[in-house]
Amino acid sequence: MKGLLFTALTCVVVASVQAQPSRWQQRVHYQIDASLDVSKNLVNGQEKLTYWNNSPDTLNRIFIHLYWNAFQPNSMMDQRSIFLGKTLLGYDKNNKAVFDWDDRVRDRINNLKPDEIGFQKVQYVKIAGKEQQLVEHETILEVKLDKPLLPQSKTQFDIAFQAQVPLQVRRSGRDNAQGVRFSMSQWYPKIAEYDYQGWNANPYVAREFYGVWGDYEVNLTLNKEYLVAATGTLQNPDEVGHGYGKTTPASQSRSGNLTWRFSAPNVHDFVWAADPTYKLITRRPANGPLLYVVYKKDSIQEYNWQRMADTMQLAYPYMAKTFGPYPWKNYTFIQGGDGGMEYPMATLIKGPGVGTALHEWMHSWYQGLLATNESLYPWMDEGFTTYADTRVHSYLRKDSGFWYADAYDGYYRLVRSGREEPISTHADHYNTNYAYGNASYSKGCVFLAQLGYIVGEQTLDKILLEYYDQWKFKHPNPNDFIRIAEKLSNIELQWYKEYWVYTTKTIDYAVGDINLVNGKTELTIKKLGHMPMPIDVLVTYKDGSRELHYIPMNLMYGSKPATDAPAGAKWIEHGEWKWTQGEYQVVLDRNITEIKSVQIDPSLRLADVNRGNNSLVVPD
Ligand SMILES: [Zn+2]
């Protein structure tokens with residue numbers, strides 16, 4: 001009977017965890033034929049966009065991103081940068097004033113000349129041969145449909161566009177600082193995502209992206225001297241050569257141009273880059289995708305590019321084991337852009353730094369595959385990716401310290417700065433770049449690392465894989481993630497999401513009095529911060545033995561397993577700590593004279609903003 005009951009309960013748990021999310025999502029198919037005039041920096045394109053309205057709503061209009069219109073004087077991106085440039089953050093080591101604008105952007109857009117600006121001009125959008133009414137809102141094109149698009153129906157838009165590639169300022173553009181001729185991100189008219197929260201037609205002010213899931217067939221025609229790297233898999237490698245196929249392009253193409261045919265299944269964006277001095281190398285990790293690394297061959301960094309490629313090959317098995325397998329055929333690291341920026345199946349990176357390469361590739365999981373709305377939840381892609389790249393990098397380096405210390409420090413600095421805003425803030429609308437960056441990357445990373453403290457590391461690992469299984473190729477939100485964490489940990493976590501994501505309340509616990517009471521030791525722990533947490537207290541005795549005293553917090557209605565104890569420490573679980581209660585007494589069986597030290601959270605995973613009061617050494 002007991003055995004039977006256990007089996008029945010197990011089945012219920014498994015069934016509830018594996019229930020697949022039923023939320024609808026829109027779908028697209030892009031067929032793009034584009035030609036690039038490399039001397040005039042102009043793109044002419046024809047786009048057949050098939051759009052499935054899987055929503056329960058009738059759509060009277062759609063929105064299309066025209067990102068490159070941001071690269072014009074007085075654009076919203078320009079205004080935003082100049083405004084942030086007036087915010088003084090402080091002074092650096094040399095007593096030089098530090099302002100909040102992105103150093104790559106500053107007032108550069110304002111100074112672009114007519115042949116340096118970017119633009120995307122849509123000549124028409126047709127449905128069944130009929131031109132639709134267009135209203136341009138700078139980087140967003142509103143298309144008023146002549147006939148409403150009904151629920152559960154599809155339509156095809158025929159779009160003609162011309163674009164001028166801007167001088168590279170932010171992400172996209174020509175002739176970047178490393179001399180890459182074309183970094184072609186955000187380069188085509190791209191339909192905005194419509195989801196259960198409505199349209200996501202965010203004007204481009206330099207921040208985040210969110211796209212519709214679908215398939216891309218992209219044909220790119222340009223000067224045959226250029227090597228092209230892109231999202232997707234090249235369909236005509238032998239025709240183009242350039243290291244992809246067996247032949248050289250000269251033998252195939254008598255005219256001055258080559259057409260590159262790329263196909264990308266189940267992605268939500270498409271990037272490409274082209275340069276006449278690109279070189280291509282490949283790696284194949286065990287049971288992994290084919291990796292391309294494409295960089296300028298005159299680079300003095302040849303050794304570093306090769307080494308980076310080797311490291312990525314080495315890293316993959318751990319990445320797949322920890323975060324789930326990479327599902328596409330290939331992935332391309334492309335030299336281009338202005339730092340590191342993630343796209344489906346590819347990244348633009350300015351150099352061969354291993355940390356950046358790992359970060360961008362891990363974005364294939366956190367946003368490429370688990371396609372969170374980056375504008376609304378930038379911490380779910382940047383924070384989770386920071387957690388992941390830090391973990392992979394630390395694993396490879398066999399780092400013996402606390403792996404996430406940098407992220408915690410970034411978060412603590414943010415708290416001290418007085419500029420913190422909740423990480424639920426829309427990415428475009430933070431008051432400062434500084435707060436956005438530290439909130440999204442650091443506090444978002446701490447969200448996961450600290451979850452390991454709450455539910456235990458082994459459970460966190462299961463959560464990461466279950467999140468992958470349930471939400472890959474979808475648009476998960478914070479609650480979707482938390483629900484998986486709750487089901488796998490058997491711990492209620494709504495309080496964690498509410499405090500950490502929607503407020504700036506902080507955690508501060510302290511060791512209080514320690515007294516001898518009836519031959520036993522009574523240790524007081526104080527809650528000084530507003531955010532409640534479960535508490536680990538490590539007690540070390542003079543004889544060298546150690547005990548981990550674990551106090552779950554009452555809103556959890558559960559506790560983490562003893563496997564989360566530090567090596568060699570005895571696990572002792574106490575009754576729950578009610579969040580309204582300011583102090584908690586831990587009773588230790590042994591005499592106070594036997595105790596050497598007491599420490600709250602020796603693992604450093606608790607984001608306690610004041611660690612100075614976390615430990616006590618008992619004097620002899
Ligand atoms: Zn990132």
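In this predicted model, the lining of the second largest pocket is made up, by class, of 12 nonpolar, three polar and seven charged residues. About 510 Å³ of space lies in this second largest pocket, and of the 22 residues that line the second largest pocket, those closest to its centre are Phe402, Trp403, Tyr404, Glu457 and Arg605. Two elements, α8 and α11 (457-471), give two or more residues to the lining of the second largest pocket. Seen at the level of domains, the second largest pocket takes at least three lining residues from each of domain 2 (393-502) and domain 3 (509-617).

The largest pocket, with a volume of about 1,100 Å³, is lined by 48 residues, and Arg104, Tyr436, Gly437, Asn438 and Tyr441 are the closest of these to its centre. By class, the lining of the largest pocket holds 16 nonpolar, 15 polar and 17 charged residues. At least two lining residues of the largest pocket come from each of α2 (76-84), β24 (340-343), α6 (354-362), α8 (378-396), α9 (405-417) and α10 (433-455), and the largest share, seven residues, is supplied by α10. Domain 1 (27-212) and domain 2 (393-502) each contribute at least three residues to the lining of the largest pocket.

An annotation can be set beside these elements. An unreviewed UniProt entry places the feature "domain: Peptidase M1 membrane alanine aminopeptidase" at residues 358-499. In the model, residues 358-499 are 70% helix and 0% strand, and the end C-alpha atoms of the span lie 30 Å apart.

Enclosed spaces come next, and here the count is four cavities of 30 Å³ or more. The largest cavity has a volume of about 110 Å³ and is lined by 14 residues, of which Phe209, His268, Glu342, Pro344 and Gln367 lie nearest its centre. Both β24 and α7 (364-369) supply at least two residues of the lining of the largest cavity, with β24 giving the most, three residues. β24 can therefore be followed from one space to another under the helix and strand numbering used here, since β24 also supplies at least two residues of the lining of the largest pocket. The lining of the largest cavity divides into five nonpolar, five polar and four charged residues.

The second largest cavity has a volume of about 80 Å³, and of the 13 residues that line the second largest cavity, the closest to its centre are His65, Asn202, Glu208, Phe209 and Ser375. Phe209 is thus named for the second largest cavity as well as among the residues nearest the centre of the largest cavity. By class, the lining of the second largest cavity has six nonpolar, four polar and three charged residues.

The last stop is a set of paired strands. Strand β6 (residues 119-127) runs antiparallel to strand β10 (residues 153-164), and eight bridges join the two; within this pairing, Tyr124 stands opposite Ala160 in β10. β6 also pairs in the antiparallel sense with strand β7 (residues 130-131), over two bridges, and here Ile127 stands opposite Lys130 in β7. The hairpin of β6 and β7 has two residues between the strands, and in this hairpin Ala128 takes a positive phi near 50°.

Definitions and conventions
Residues are numbered from 1 along each chain as its sequence is written. This is a predicted model: local features need pLDDT of at least 70, side-chain atom pairs count only at pLDDT 80 or more; totals for chains, interfaces and linings use all residues. Side-chain values use heavy atoms; hydrogens and water are left out. UniProt positions are given in the numbering used here, feature names are shortened, and annotations may be inferred rather than shown by experiment. Helices (H or I, at least four residues) and strands (E, at least two) are DSSP runs, numbered from the N terminus. On a 1 Å grid over the protein atoms alone, a cavity is a set of points where a 1.4 Å probe fits but cannot get out, and a pocket is an open set with protein on both sides within 12 Å along at least five of seven lines; lining residues have an atom within 4 Å of a point. Grid points are joined across faces, edges and corners, and a volume is the space filled by probe spheres set on the points. Ala, Val, Leu, Ile, Met, Phe, Trp, Tyr, Cys and Pro count as nonpolar, Asp, Glu, Lys and Arg as charged, and the others, Gly among them, as polar. Domain bounds come from an automatic or database domain assignment. Two strands pair if DSSP finds at least two bridges between them.
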